[in-house]
Every structure is written in C-alpha cells, then in structure tokens.
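Colleague: I am new to this model and would love a friendly, close look at one part of it. Could you start with the place where the two chains meet, and then show me around from there?

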Amino acid sequence: MEVIFLLIGISLLLAVTFLFLFFRANKSGQFDDDYTPSVRILFESQPKKSIKDQPKKSKSHE
Amino acid sequence: MNPDFHTQLRSKCYHCGEDCELELVSFAEKSFCCQGCKLVYEVLAQNDLCEYYQLESSPGKSQKAKSKLANRLDYLDDPDVIKQLMDFRNERESHVTFYIPQIHCASCIWLLENLFQINATIVGSRVDFVRKKVQLKFLHEKLSLKETVNLLSLLGYEPSISLSDLDQKSKNAVHKKTLSKLAVAGFCFGNMMLFSMPEYFSEAELLGEGFKGLFDYLNVLLSLPVVLYAASDYYLSAWNAVRKRTANMDVPIVLGIAALFLYSLWEIFMQGNAGYMDSLGGLLFFLLLGKIYQEKAFAALEFDRDYKAYFPVAVTRISKDGEEVIPLIKLRVGDVVLVRDEELIPADSMLLSAKASIDYSFVTGEEVPVPKRKGELIYAGGRQKGDPINLTIQKSPSQSYLTDLWNNESFDKSPKQLLEPLANRISGVFTWTVLAIAVVAFSFWIGTDVSLAVKSFTTVLIVACPCALSMSTPFTLGNALRIFGKGKFYLKNASVVERLALIDTVVFDKTGTLTDPANASIHYLGEPLLAETKAVVKGMVERSTHPLSNRIRLWLSDVNSADLEQVLEMKGEGIEAVYKDQVFRLGSRDFASAKKMEHVESGNYVFLSTERVDLGYFHIQSGLRKSAPEVVKKLSGDFDLHVLSGDQGHEQESLGRQLSADLHFSFDQSPVDKLNYLKELNHQGQNTLMLGDGLNDAGALQESQVGVAITDRVSHFSPASDAILDAESFSKIPAFLGFARDSRLIIKASFGLSFLYNILGLSLAIQGLLSPVLCAILMPLSSISVVVFTTLATNFMGIRKGLIHLNHP
C-alpha cells in the first residue's frame, strides 16, 4: 500500500503543473478575448504569392 | 424600394455595398461608389488580398466621408504623443493598440491580421473583435507611427485616436486576477475533497492511521493558498468596512473563513480529527465563481467615458509661419485654430470667419446645425459643417462651458455611495445576531463543559457563515444583468440593478431622448406643391446628407424623384438645382428666400424658391419617439416624472398635450442647471433615474442615482453613465424598472431561504450536535439550492416581463 504515497505525490505534481499552465495562459492574455479566435480559425492559410496573376473569377454577389 | 434586380446588382459598390447613385467608378469590371472605395480595392488587389471580398460580400465601409487632408496626422510625429500611445517600445520594435470602430465582420479581422502582406515592416497584428481593437507590432526604424496610421486609413480602417488614449490605461487586470484566484480555489478545493473522502467512508479505515494523518496535513497545506491568496479580496473589503464602522457582506464571510480555518487547525493538530478544510475550499470556490459571473458584464461597452474620449488629439493652429498640427494639450488661450468640415471645436472660442454652421448633436442630441456669425462665441464640442473656419481660443479645452462640467464636485465623489446595498444592510444585522448567538451558546456550556463550549461557539460561526446568503446576491444580480442585456439595456455593474429597484423619480432629457429625429413632423406652408415640384424637391434632397434633407426625403417617400440637370449643395446654406431650365433653391432663408418673416414657433425652416420667387417653406419640428406617450403613461402611476430641456419653453404646451399632464417641465436648462436640478431632487430624498443622450446631460447622469444613456449605436457614442440603453428598447423602460423590483424581491426571498438553513444548522450547532459529515452535506447543499432558486426565479420573472423569449433565445 505504500505506493499510494508515491501516487499522491505524482497526482499533486500533475495538478500543480496544470495550475501553473493555466496561470501562464491567463497572464499571456489567452482569456482576454473569447470571441475572435473562433473566427480566426476559419481563415484559410494563405497560399504563397505565386498565383498572383491568376484572374479573379466571377463576382461574389449572390 | 424595388427596382429590378439587375440594376440593383450593377449599382451596388463592390467594396462597401452602398448604392452608387451619385457617382459610379468602374474598375476591373467592378463598380465602386467613390474613388476611396476603388483605391482600397486597388491596394488589396495589388497585394493579393482579395480574399477580403470572399469572406463576406461588400465588407468595407464607405470611403466617401473620409478626410483627405494630408497633414491631419502630423501630430503623430510629436514625441510626447508617440510615447503616450505606445504600449511597448524597444530598439527595434514598437507595439501599439488602436481602437478601430469600423471593425465589424470576419473580413475586417482577416485583413487587419494580414497587414504584413502589404507592408513587411509590420511584424504582426492581432484583432480583438469584441473590443474593436487591434494591436500592431512594427519596426519603428523603417515605419513611423504616422505611416502606420496612414496605411490603416488607406484601407478604410482609420483608428480613432482620442484624448483619453493619451492618459495611462489600466484595464482588464482586475478580471485576470479574479480568474487566477478562482483557479487556485478550484484546484485546492478539488484536491481537498479527494483527501477528505476517507473521512466520509468507513472503508477507509483499511488504509490505516498513517494515511489519515497524511491526508489531513495535505489538507492544511492546500488550504494555505486558499486562505492567504484566493480570499484576499474579502479581507480587504471587510477591513475597509470595519474601518468605516459598518458591516458589509464580506465581514461575516471573513469571520466564517477565520473560524473555519482556525477551528480546523485546532481539530487536526490537537484532536487528530479531519477538520473542515474541504468546506473552506468549496466556500471560496463558489464565492469567486459568483464574483466572476457578476464581473463578466459587457466588455465592449465603456461606461466611464468623459469628454476626453470624444475630443480629438490634435488641432490645426495657424501661426505666422503657416499651419501646423499640434497636440490639443499644447493649445493655449489666444491661439488661432483652423477647423475644417466635420471637425470638432476643441475649446470655447470666438469665430473669426464670416459664417459657420455648427452641429451640436454630440452635445445636445439635436442634429440640425446651428448657424453662427463672425464674433459669436462657439462652445466646445460642436462640429463644423461646411467650409473651414478660423477661431480664436477663449478658454483652455478643459475649462470650457461643456468640459467644465467635469470639474464639478459630482465627478469627484466616489462612485455612488448614496444607497447601501440590501445585502450589506442585512448582513450588518446578521453579523451581530450570529455573534450574539455564539456568545450565548458559549456562556451556556462554559459552566458544564469547556471543550463543548468552544465547539459550539465555533460551529455556530461556521454554520452561520453566510455562504448561501452571500451567494444569493451575486447570482441574482448577475443573472438579472444578463436578462437586461438581452433586452438591450446594458448595466455597468450589478449594484445598478439594486439602485434601479428603488427608483421613484424619472427625469427625461427632451431632445434626442423623448424626441426622435427620425420621427419629425413636417408642415409645408405656401403655394400648393405640384406633383412635379415635389419630384424636384425629392431629387434635390436625395443628393444631400444634411439631416433636414433626410427628413424631407422621408416625408416625400412615396414620390419619385425628377431627373435634375445640375445639383449643387452648398454646405450650411442649401441646395441649388436646375430642372427644365429653371433654377430651384432649397435651404436657409438667406439662401432660398427673399421674404422677411418672423419665426413664431420653434423648429427648423427650409425655404423653397424657383427663379428667386418664393414658393413656400417647410416647417420641421422634432417629433416624439413613437413609444414615448405610452412609456410616460405607464410610468406616470408609479413614478414622479420630470422633463428637462435646453430649448426655449414654447413646446411645453404641445408636449404636455401629447404626453400627459403629470409631467414637470423645465426648459432653458444649461448642463450645470440640469446637474443642479438632479441634486435638488436628491436632496429631497427622491431616488432619481436620469435618461439622457448628449454630453450636456453628463452632469445630470452622474448626479442621478441611476444615469441611463440612450444611444442608437450601442458601441459608439454615449456619455458616462451607469447604463446604456439601445434606443430600440425605449418602450421597454417600464418593464425594466418592474424587473429590477422583482430581482430585489428574489434576493429577499433567497435570504429567507438561506435563513431557514441557518436556523436549522444553528439549532443543531448550539446543542453541540453537529457532526462533520452533516456539516459537509449542509453547507454545499444550501449554497447550491440558493443558486438554483435565484437563477430560476430571475429567468421566470424575465419571461413574465417580456424581456426574454422562450422561442427564440
């Protein structure tokens, strides 16, 4: 049963690590803005400038 | 409003989506409404950023009204200004945050975050959509601040830099700290629960004594961050209250925390029992959760803005050497300044030019410009419409007629201390009662059993610790705040709900609050208008952006406009047009009419003439907001109603007739008069609600118990206030006030509920019967049931008052 001493130590250490990570995230401002990232994730990553001369197609009006 | 689909498609601007009626610029098979929009498209096309137009259709804002003056940003070269605007600066990089009101869609975010593709010296940019802010990082050796702003402006995203940006900023830090404290409390609470488990189950005996000791000591260790860090706000607040010889909600909380902590220490170290550390962690966790819920109101809205948020940072000064753009702070009395079309008058000053036309919508809510002549005094806060004018500064910007309001003592007062929150008053009584009971229990047992006396004394303090009591207020008010927000009524913080519940006097500002510019009444007097003349007038007013033109256009909405050959708008004067070789003039008397005439009634006059022969005039009076009579009628039963106005008094009779007889009117009120009026009412012991919309109401809004600013665009302009009301929701004011009263009742009811728990717990505690298990069950149960009760009750009341709808949330 003595292994429990070790397990408790590990579980506490793990929890403290998460707490520390949360602090760091909070300090770096991750929780300041909870809307913009949800839009940002939908942007396509930009292909490099190679397709520059390709003519733009139809208007995007409905 | 239904032209055929094809023309509609062709005439919409590709950039901003507005109709291209006045001007049509074609470029790359696309149509644009002005050169500005085309220019933005060109820049984006060159840099391969046309995805901007794919994310949303017509995502831009019209560039028509954009100022094109090259030197308007010169003040950004001033080292003092640069220093104050920057967030951070080292040898290479500068970081700056701009407020850009134009941000409104996904395309905006995308473009602003891809700025580096246009200019490689911009290292990065990050948009905060909710606050409409963008943080830019750029290499300041290659790109100056002014060039950065120029680039944004070229793309149609000119940042709004106002005087208040130069003051030091410290926001958001509070919220972050509370979040950290919540995390600590949650972490400790969770782990302490785990280590307390063996105490509740007899099977844990199997683990042996060694484990039990270890768990208890771990609990002590984990309780330290909770007591020392997570609870620190409560100590501070309680200490402040005690120093002022009052008792707020935090005093019994701190007593409870202290009793719980010390008693548990004594139990663990002296008695070898488990203590109540897990309950302590849970208490703080729930308390902080309620606090966050209350704090997290409306990030996008700012409630504490003063005139500085609206005044420009720079003005154009005319000196011997010519024009120069200087920061406003460097402006001195006697300086001559140049104010161009659409620019703000920075300080009280005298007009040097022959004529000016000043729009005071900013200050009074009335959007029709006022004509001024040479030598007249012009108050700060007005906006020039028309040709550039010269002014001599008479007073420094902070001492002007309008801005002087902020030097009034009302603005120095700490935030409204006039009313003590309900919870504080109850907890004052509560604290003393609990202490008395504890002492009585202690002295009762002391004769027979000392250890039992100590135990009952502390358990009384622990059980009576008002966790349920103190949670009912934040959760009720937090939820009420959310429901108000759904009805488009945004309160600054939860204490406003409580103050709102006690209101017995409502004071309205007239212009812009009771009246609505869009709802103007128009009378035409003169020779009858032929259908053809009407068509000409419609054609003329369609070309103008003047507010009076807009009203006439609405009045003529069922008329088709005539094809005019030549239309010329002279700002501040009127419109001249040629139709079938006849010259039509529409505008001020000097411009359009020859006749002298005495103005008998208030309101605005627009004259019409052909070939210098008078046809007649339009008499335009601002009309009441559609729902105003209904709102006044509903309120008149329960509230004392007042109307304040800066205008002359001749509208009283017609207003009184349209609204109701029970109104107290006061006309000809200056901003300071309004403030004093509210002060007088407060002295009489009334609880006042002020509804206003302009900067001239700022004093009254500040002085009243609850100041509500009405605005058409919530995130745009509103003076400092306790709450912001979307003009759309004006008709719901009676419902809002009723709901505020309901929430007060709900708080009282939940107090009753938690008192029941307390009496039950106390009666056991006095007898020394309370076991740790029972204590551990009773505490969270009472808290949770109170939270559930208040949430359900506020939602129910919100539905009954019509503020939230079940079908479409």
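How many residues does the contact take from chain B, and how many from chain A?

Modeller: Happy to help, and please keep in mind throughout that this is a predicted model. The contact takes 22 residues from chain B and 21 residues from chain A. On the chain B side, the elements that give two or more residues are α3 (51–55), α5 (106–113), β5 (122–128) and α7 (173–200) of chain B. Of these, α7(B) provides the largest share, 6 residues. If you sort the residues on the side of chain B that touches chain A by character, you find 13 nonpolar, 5 polar and 4 charged.

It helps to know what the two partners look like. Chain A has 2 helices and 0 strands, and buried residues make up 2% of its 62 residues. Chain B has 26 helices and 28 strands, and 42% of its 809 residues are buried. Among the contacts in chain B with a separation of 6 or more, 66% are between residues 24 or more positions apart.

From the contact, let us walk along chain B. Helix α9(B) covers residues 232–243, which is 12 residues. From its first C-alpha to its last, α9(B) reaches 17 Å, close to the 16 Å expected at 1.5 Å a residue. Just after α9(B) comes R245(B), which takes a positive phi of about 60°.

Next, look at strand β9(B), residues 336–339, which has a partner in β7(B) and another in β15(B). Strand β7(B), residues 314–319, runs antiparallel to β9(B) and is joined to it by 3 bridges. Here I318(B) stands opposite V336(B). Strand β15(B), residues 389–393, is also antiparallel to β9(B), with 4 bridges between them. In that pairing, V337(B) has L391(B) as its bridge partner. The faces of β9(B) are worth a look as well: V337(B) and V339(B) form the covered face, whereas V336(B) and L338(B) form the uncovered one.

A little further on there is an open sheet of 3 strands, in the order β12-β11-β14 (chain B), with antiparallel pairing. Its edge strands are β12 (370–373) and β14 (383–384) of chain B, each of which pairs on one side only. Strand β11(B), residues 355–359, pairs with β12(B) over 4 bridges. One pair to find on your screen is I358(B) with its bridge partner V370(B) in β12(B).

Now move to helix α16(B), residues 495–501, which holds R499(B). This arginine counts as buried because 22 other C-beta atoms lie within 10 Å, and the cut-off for buried is 20 or more. The C-alpha atoms of R499(B) and T688(B) are separated by 9.3 Å, although the two residues are 189 residues apart along the chain.

The loop between β20 (574–579) and β21 (582–587) of chain B contains K580(B), and D581(B) has its place there too. Most residues other than glycine have a negative phi. K580(B), however, has a positive phi near 45°, and D581(B) has a positive phi of about 65°. Are these two residues buried or exposed? K580(B) is exposed, with 11 other C-beta atoms within 10 Å. D581(B) is exposed as well, with 7 other C-beta atoms within 10 Å. Both counts fit the cut-off, since a residue is exposed if 12 or fewer such atoms are found.

Let us finish with helix α21(B), residues 628–636, whose buried residues are A628(B), V631(B), V632(B) and L635(B). They cover an arc of only 95° around the axis, so they sit on the same side of α21(B). What covers these buried residues includes the strands β17 (505–509), β23 (613–624) and β24 (640–644) of chain B. The helices α17 (510–514) and α25 (733–766) of chain B are also included in that cover.

Definitions and conventions
Residues numbered from 1 in each chain as written. Chains lettered and ligands numbered in written order. Predicted model: local features only at pLDDT ≥ 70, side-chain atom pairs only at ≥ 80, totals over all residues. Expected span 1.5 Å × (residues − 1). Contact = placed C-beta atoms within 7 Å. Nonpolar A, V, L, I, M, F, W, Y, C, P; charged D, E, K, R; others polar. Pairing = 2+ DSSP bridges. Arc of directions from axis to C-beta.
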